Amino acid sequence: MDSVSSSNSSQIENLVIIGSGPAGYTAAIYAARANLQPLLITGFNSGGIPGGQLMTTTFVENFPGFPDGVMGPELMDLIKAQAIRWGTKLVEADAQSIDLSVRPFKIESDEGVIQAHSLIIATGARANRLHLPEENRFWSKGISACAICDGATPQFRDEELAVVGGGDSACEEAVYLTKFGSHVHLLVRSKKLRASAALADRVLANTQITVHWNTEVIGVEGDEWLEKLELRTGENDQVYTLELRGLFYAIGHKPNTDFLGEQLALDSGGYIVTSPGRPESSVEGVFAAGDVADPEWRQGITAAGAGCKASLAAERWLSLRSLAKLIKRTELEPEQIEKNNFTEISTESNYKQDALWQKGSFALRKLYHESRKPLLVVYTSSACGPCHVLKPQLKRVLEELKGQAQGVEIDIEVDQEIAKQADINGTPTIQLFKEKVLKSQWKGVKQRSTFKEAIVNLLVD
Ligand SMILES: Cc1cc2nc3c(=O)[nH]c(=O)nc-3n(C[C@H](O)[C@H](O)[C@H](O)COP(=O)(O)OP(=O)(O)OC[C@H]3O[C@@H](n4cnc5c(N)ncnc54)[C@H](O)[C@@H]3O)c2cc1C
């Protein structure tokens, strides 16, 4: 499903879409079906993960077409698959800067310079941080910006946890964390929740959640792991401490527009300014879609709708100026896309010593003790969006290495003991072993080349 191809540097693309959330992929579906063969720069690190914000959530229950809800990462896999099926080209990189003073426009990416007649900016928004004095020390050691990704890790189980924020995300995360923690504290700076009434009511009625009104976090303390928060209540400036093991940030978002410099009109919050109700930005031929241009609605479906509008507007703009080079399809209907292949948990009966990719503790034990090949172990959890991004990447690395290395996936919710023994405190975590020796460890999504190089180095050792 991962049909990745990069742009030839001398080629001028009809349309480059920057961002792979619902806005970017929907724009790509429309442009690809209009035979524009768009190129989509997925993003990698600088503005959240490929697939966007819905990769960091569990059930999406308000996206039309899914009466029983759909997991955020699964929804994004499906939208991506649809964009690829109609011929979207993907570049898995960040756009570092763009030059809108020249035509065609130039986009500097980790994969080189890309030229385009028209552009859709769909780079979304990312989570804010508190920037506490010791925040970096406890980052991933008790502090997280993604309850959905990290909440299930063993270190948070049956412990007191806190969420900071008062909006939809904060409330959703507080409720979610009650599945794992012994109690959840919701730290709200004002006297009121900004969440939807239904969500706020759920929080206030939940006996496992204590809301601390008028409360600010002013410090974090601990040894190897977060142990205490220093809090200040606004009413009487009283400072007090709260002993807990996890602090989750849900304090809003900043639009991903830094890479634009001052080339497009932005509002005071950094959001792209467009014509009212339309996708046109302040520069002709540049369109904006989704959260990056929407400080108000910020939903999956509004982003997807905005992506559709931006794509149709770009198509019209290109055709009015006779700039579009349309591709010719030999087949009217592109081939159906293969659905995500599900890996069964390995047991004595289905375990294969030479399989490239297996799942579960049985396979891990067998390969760890018996295989002499480099072994990648990836620790995941069901709601971890970044894990969705990472697993196909790791599988591709193993395929490229043609069986010289193997991989095992451990779901930390299923194999809690193994996760504890391996000291795993967040997903995804990737460990690389050779002959029972841990050679490297990474947290989060990294470039495919990072894993490949590390394995190749072990092969030549
Ligand atoms: C926890 C949580 C739960 C949510 N639940 C729901 C829900 O249930 N229903 C709902 O409708 N909405 C929900 N939302 C809101 C929804 O996720 C967003 O409104 C939507 O994802 C916005 O889509 P987007 O395409 O504009 O941007 P995003 O989803 O933010 O995607 C932006 C994309 O741009 C990429 N990018 C950023 N910078 C660069 C760069 N320099 N170069 C290249 N690429 C770049 C990023 O990697 C990302 O792929 C939720 C949000 C959160 C955080």
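In the predicted model, the ligand is surrounded by 41 residues, of which Gly 21, Gly 47, Gly 52, Gly 124 and Gly 290 are the closest. Two elements, helix H1 (22–33) and helix H7 (300–320), each contribute two or more residues to this shell. Classified by residue type, the shell around the ligand comprises 16 nonpolar, 22 polar and three charged residues.

A separate part of the structure is centred here on strand S21, which spans residues 375–380. Six of the six residues of S21 are buried, and the strand is therefore largely enclosed by the rest of the structure. In a regular strand, side chains alternate between the two faces of the sheet. In S21, Leu 375, Val 377 and Tyr 379 point one way, whereas Leu 376, Val 378 and Thr 380 point the other way. The residues in both of these sets are all buried.

Strand S21 is joined to two other strands. With strand S22 (residues 406–411), S21 shares six bridges, and the two strands run parallel. Within this pairing, Val 377 of S21 lies opposite Val 408 of S22. Helix H9 (residues 385–400) forms a right-handed β-α-β unit together with S21 and S22.

The pairing of S21 with strand S23 (residues 429–434) is antiparallel and involves five bridges. Here, Tyr 379 has Thr 429 of S23 as its bridge partner. Val 377 and Tyr 379, which point the same way from S21, thus appear in the description of both pairings: Val 377 stands opposite a residue of S22, and Tyr 379 is bridged to a residue of S23.

Definitions and conventions:
Residues numbered from 1 in each chain as written. Predicted model: local features only at pLDDT ≥ 70, side-chain atom pairs only at ≥ 80, totals over all residues. Near = placed C-beta within 6 Å. Helix = DSSP H or I, 4+ residues; strand = E, 2+ residues; numbered from the N terminus. Nonpolar A, V, L, I, M, F, W, Y, C, P; charged D, E, K, R; others polar. Buried ≥ 20, exposed ≤ 12 C-beta atoms within 10 Å, placed from the backbone. Pairing = 2+ DSSP bridges. Right-handed = clockwise from strand over helix to strand, strands pointing away.
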